[in-house]
Amino acid sequence: MRIHDNGQVELDGIDKLILNAFMDNANIPVSQLAKELSISNTAVHQRIKKLETSGLINSTKTIINPSVLGYLTMSFVGVFMDKSSSYINVIKSLEAIPEVVEAHFTTGNYGIFLKILCKDNMHLMNVLNQKIQQIDGVTRTETIISLEQTINRQIKL
């Protein structure tokens with residue numbers, strides 16, 4: 001791995017193999033990975049540490065399937081604000097809404113673009129009407145309901 005002056009990381013083949021293995025299965029034992037790559041456990045540990053230090057590995061976490069918990073409605077919501085300087089206060093209010101799982105400050109028509117998980121359409125309507133649209137600085141919202149998520153992946157190395 002090489003870190004350029006601009007902060008970008010250049011990966012070698014072994015780094016890519018390690019990252020791809022972890023993206024497929026974050027629980028893969030280092031010893032198994034070392035054996036598959038024909039390098040020592042220590043070498044794998046050192047490379048993982050460098051990847052973490054560089055910021056390329058952001059975190060390791062368990063990803064739950066929200067539909068198993070009854071969250072069957074995924075939607076994307078464009079949030080219109082009275083002025084772009086409302087962004088910080090609006091985001092603080094959105095952080096308090098557990099159904100909001102992603103928020104992006106965007107260019108284009110929307111000031112903020114959200115990903116929201118709800119149990120059903122009535123739950124979504126309640127989140128929109130009683131929570132998001134009540135935030136000072138939000139003028140209106142535009143909602144798109146996802147019928148099916150057909151691609152869910154990370155960038156390939």
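Trainee: Before we look at anything, what is a salt bridge here?

Mentor: A salt bridge is a side-chain nitrogen of Lys or Arg within 4 Å of a carboxyl oxygen of Asp or Glu. Keep in mind that this is a predicted model.

Trainee: OK, and how many salt bridges does that rule give?

Mentor: The count comes to six salt bridges.

Trainee: Which residues are linked in a network of them?

Mentor: Asp-12, Asp-15 and Arg-47 are linked that way. Within it, the side chains of Arg-47 and Asp-12 meet with an N to O distance of 3.0 Å.

Trainee: Where do Arg-47 and Asp-12 lie?

Mentor: Arg-47 is in helix H3, while Asp-12 is in the loop between strand E2 (9-10) and H1, so the pair ties together parts that are 35 residues apart in sequence.

Trainee: What's the relative accessible area of Arg-47? And of Asp-12?

Mentor: Arg-47 has 21%, so it goes down as partly exposed. Asp-12 is partly exposed too, with 28%.

Trainee: Got any other salt bridges for me?

Mentor: Sure. Glu-10 and Arg-2 meet through their side chains at 3.6 Å, N to O. Glu-10 counts as partly exposed because its relative accessibility is 39%. Then there's Glu-142 with Arg-140, where the closest N and O atoms are 3.7 Å apart. Glu-142 is partly exposed at 34% relative accessible area, and Arg-140 is partly exposed at 43%.

Trainee: Back to the helices. At what angle do the axes of H1 and H3 cross?

Mentor: The axes of H1 (residues 13-24) and H3 (residues 41-53) cross at roughly 80° and come within 11 Å. Angles of 65 to 115 degrees count as roughly perpendicular, so H1 is roughly perpendicular to H3.

Trainee: Which residues meet there?

Mentor: From H1 you have Ile-14, Asp-15, Ile-18, Leu-19 and Phe-22, and from H3 there are Arg-47, Ile-48 and Leu-51. That contact divides into six nonpolar residues, two charged and no polar. Arg-47 and Asp-15 should ring a bell, since both are in the salt-bridge network with Asp-12.

Trainee: Changing topic: what order do the strands take in the sheet?

Mentor: The order is E4-E5-E3-E6, an open sheet of four strands with antiparallel pairing. Strand E4 (100-105) and E6 are the edge strands, each pairing on one side only. On average, neighbouring strands are turned by 20° against each other, ignoring direction.

Trainee: How many bridges does E3 make with E5, and how many with E6?

Mentor: Seven bridges pair E3 with strand E5 (residues 112-118), in the antiparallel sense. Eight bridges join E3 to strand E6 (residues 138-146), again antiparallel.

Trainee: Can you give me a few pairs to click on?

Mentor: Try Gly-78, which stands opposite Phe-113 in E5. On the E6 side, Val-77 has Thr-143 as its bridge partner, and Met-81 stands opposite Val-138.

Trainee: Is E3 largely enclosed or open, and why?

Mentor: Strand E3 (residues 73-81) is largely enclosed by the rest of the structure, because eight of its nine residues are buried. The cut-off for buried is under 20% relative accessible area.

Trainee: Which helices lie on that sheet?

Mentor: Helix H4 (residues 87-95) lies across E3, E4, E5 and E6, running at about 10° to E5. Helix H5 (residues 121-131) also packs on the sheet, touching E3, E5 and E6. The direction of H5 makes about 160° with that of E6.

Key. Residues are numbered from 1 along each chain as its sequence is written. This is a predicted model: local features need pLDDT of at least 70, side-chain atom pairs count only at pLDDT 80 or more; totals for chains, interfaces and linings use all residues. Side-chain values use heavy atoms; hydrogens and water are left out. Axes are lines fitted to C-alpha atoms, for helices over the stretch in contact, and angles run from 0 to 180 degrees between N-to-C directions. Helices (H or I, at least four residues) and strands (E, at least two) are DSSP runs, numbered from the N terminus. Angles under 35 degrees count as roughly parallel, over 145 as roughly antiparallel, 65 to 115 as roughly perpendicular and the rest as oblique. Contact means heavy atoms within 4.5 Å. Ala, Val, Leu, Ile, Met, Phe, Trp, Tyr, Cys and Pro count as nonpolar, Asp, Glu, Lys and Arg as charged, and the others, Gly among them, as polar. Buried means under 20% relative accessible area, exposed over 50%, partly exposed in between (1.4 Å probe, protein chains only). Two strands pair if DSSP finds at least two bridges between them.
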